[in-house]
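Hi,

Here is the structure I promised to pass on. Have a look at it first, and my notes follow underneath.

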Amino acid sequence: AIYGLVRVTGQFETGGSYGPDGKYTYRLQVASAESIERIQRREVRIENKPLGDGKVGLLDLVGNAASYNGTSVTTQGYYFWNGVIFVLAEGISSEQDGSSPQPIGKIVWMEGFPPDESGKLHLGPGSPPGYVWGLVEVTGDFKSGGQFGREGKYAEFLQVTSAKALEAAGQ
């Protein structure tokens with residue numbers, strides 16, 4: 001995906017009913033646009049495939065969360081931590097060099113990921129690092145149907161009992 005900053009010139013209008021269903025009160029009629037900065041991001045995602053005996057794919061886990069509620073599960077996904085958010089995600093979007101990561105897709109709040117395994121993943125700058133992310137396999141107690149994590153934003157929760165990094169990241 002490519003994003004960027006642009007400088008636009010045009011006519012700014014107020015007080016109307018613009019856009020679909022007239023939901024917007026402002027409109028910018030663009031006469032010209034100039035690119036200022038281009039940011040290219042890359043996405044990595046898990047594959048939607050069976051993981052083998054005794055394991056459940058993350059997309060199946062989230063898609064059938066009620067049937068796994070209260071059980072111990074083993075699954076794979078992208079671990080993301082930034083000191084505020086601790087999740088297992090379907091994927092990660094980052095800048096080309098791996099910086100500025102963001103979890104994407106289906107996301108489960110997750111706690112208890114072991115620090116020694118975190119050190120094997122992509123680490124952000126600083127001490128402690130500003131972020132950690134990478135492909136992992138985790139086993140833990142799964143809960144669904146609640147309001148978990150930061151601001152109760154997540155409907156599913158995984159309390160990790162064991163974990164391992166599945167990719168070695170060059171830091």
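Not counting neighbours within four places in sequence, S93 is in contact with R41, R42, E43, S100, P101, Q102 and I104. Bear in mind that this is a predicted model. S93 lies in strand β4, residues 86–95. With a relative accessible area of 7%, S93 is buried, because the cut-off for that is under 20%.

Next, the aromatics. The structure holds 7 aromatic pairs. In one of them, the ring centres of Y78 and W133 are 6.5 Å apart and the planes sit at 45°, so this pair is tilted. The pair also ties together distant parts of the chain: Y78 is in strand β3 (residues 72–81) and W133 in strand β7 (residues 132–148), with the two positions 55 residues apart in numbering. Both Y78 and W133 are buried. Elsewhere on the aromatic side, one cluster is formed by W81, F86, W109 and Y154.

And what about the surface? There is a nonpolar patch of about 580 Å² there, made by V6, V8, F12, Y26, L28 and V30. Strands β1 (2–18) and β2 (24–45) are the elements that give two or more residues to that patch. If you want one residue to click on, try Y26: its place is in strand β2, and Y26 counts as exposed because its relative accessibility is 53%, where the cut-off is over 50%.

Shout if anything is unclear.

Cheers

Conventions:
Residues numbered from 1 in each chain as written. Predicted model: local features only at pLDDT ≥ 70, side-chain atom pairs only at ≥ 80, totals over all residues. Heavy atoms only, no water. Phe/Tyr/Trp six-rings, centres within 6.5 Å; stacked < 30°, edge-to-face > 60°. Helix = DSSP H or I, 4+ residues; strand = E, 2+ residues; numbered from the N terminus. Buried < 20%, exposed > 50% of the residue type's maximum accessible area, 1.4 Å probe, protein only. Patch = residues over 30% accessible without salt bridge, like charges linked within 9 Å, V, L, I, M, F, W, Y side chains within 5 Å. Areas by Shrake-Rupley, 256 points an atom, 1.4 Å probe, with all protein chains shown as cover. Salt bridge = Lys/Arg side-chain N within 4 Å of Asp/Glu carboxyl O. Contact = heavy atoms within 4.5 Å.
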